[in-house]
Amino acid sequence: MLHQLKYYLIHRVKSIHLHGIHSPFIFKFNRECLQDARDHAAYLELSRFRESVLNHPQQLQIEDHGSGSKILKDNSRNTTDILRHNCSTCKRTELLFRVASYLEVDRALELGTSLGVGTAALALGSNSVTSIEGSGDIYRYALERLEENN
């Protein structure tokens, strides 16, 4: 009996069906954007941007205006560490691009550019992006990478 209950609960957690979504917008958004399994041409550009960050490692002085990093304690950080711990993953960056494209974003505002990974995704999915970064070194590094990959 416990064995059946266990597998039933696992099934309920894993099975996500669109039957229960009543809003036409959310249904369409989920089907056409969130669950979009197509390989978009922009994914290659996003991958190249990440490679550009990995191929240009630098030690940057951080001016942390937020709550601080729980992993990276020092104010001098390597860009590869920032990419690994603070930037969006490939899947999340692709999702950000898909959402911006699906919603046909005209102008996007990003607070906290970091290395520019999210900015690159927004730029590919929208007409215009304004990105604000409080740390001077990170701003200059992100600007270099974005200009190089534009």
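The following legends describe close-up views of a predicted model.

**View A. Strand E3 and its parallel partner E4.** Strand E3 spans residues 107-111, and its side chains alternate between two faces. Ala108 and Glu110 point to one face and are buried, whereas Arg107, Leu109 and Leu111 point to the other and are not buried. E3 pairs in the parallel sense with strand E4 (residues 128-132), over 5 bridges. Within this pairing, glutamate 110 stands opposite serine 131 of E4. The connection from E3 to E4 passes through helix H6 (residues 117-125), giving a right-handed β-α-β crossover.

**View B. A nonpolar surface patch that includes Leu5.** Leu5, Tyr8 and Leu9 make a nonpolar patch of about 300 Å² on the surface. Leucine 5 belongs to helix H1, which covers residues 2-14. With a relative accessible area of 43%, leucine 5 is partly exposed.

**View C. The polar contact of serine 52.** Serine 52 is located in helix H3 (residues 41-55). Its relative accessible area is 5%, so serine 52 counts as buried. The side chain of serine 52 makes a polar contact of 3.3 Å with the side chain of asparagine 149.

**View D. The salt bridge between arginine 38 and aspartate 36.** The closest N and O atoms of arginine 38 and aspartate 36 are 3.0 Å apart in this salt bridge. Arginine 38 is exposed, at a relative accessible area of 55%, while aspartate 36 is buried, at 13%. The model has 7 salt bridges by count.

**View E. A salt bridge within helix H4.** Arginine 84 and aspartate 81 are joined through their side chains by a salt bridge with an N to O distance of 3.3 Å. Both residues lie in helix H4 (residues 79-86), where a spacing of 3 residues corresponds to about one turn of the helix. Arginine 84 is exposed, with a relative accessible area of 57%; aspartate 81 is partly exposed, with a relative accessibility of 25%.

**View F. A salt-bridge network with Arg145.** Glu144, Arg145 and Glu148 are linked in a network of salt bridges. Side chains of opposite charge can pair when their charged atoms come close. Between arginine 145 and glutamate 148, the salt bridge has an N to O distance of 2.9 Å. Arginine 145 and glutamate 148 are 3 residues apart in helix H7 (residues 136-148), so about one helical turn separates them. Arginine 145 is buried, with a relative accessible area of 4%, whereas glutamate 148 is partly exposed, with a relative accessible area of 41%.

Note on methods. Residues are numbered from 1 along each chain as its sequence is written. This is a predicted model: local features need pLDDT of at least 70, side-chain atom pairs count only at pLDDT 80 or more; totals for chains, interfaces and linings use all residues. Side-chain values use heavy atoms; hydrogens and water are left out. Buried means under 20% relative accessible area, exposed over 50%, partly exposed in between (1.4 Å probe, protein chains only). Helices (H or I, at least four residues) and strands (E, at least two) are DSSP runs, numbered from the N terminus. Two strands pair if DSSP finds at least two bridges between them. A crossover is right-handed if, with the strands pointing away from the viewer, the path from the first strand over the helix to the second runs clockwise. Patches are made of residues with over 30% relative accessible area and no salt bridge: like charges are joined within 9 Å, nonpolar side chains (Val, Leu, Ile, Met, Phe, Trp, Tyr) within 5 Å. Accessible areas come from the Shrake-Rupley method with a 1.4 Å probe; for residues, only the protein chains shown count as cover. A salt bridge is a side-chain nitrogen of Lys or Arg within 4 Å of a carboxyl oxygen of Asp or Glu. A polar contact is a pair of N or O atoms within 3.5 Å; within protein, one must be able to donate a hydrogen and the other to accept it, and residues adjacent in sequence count only if both atoms are side-chain atoms.
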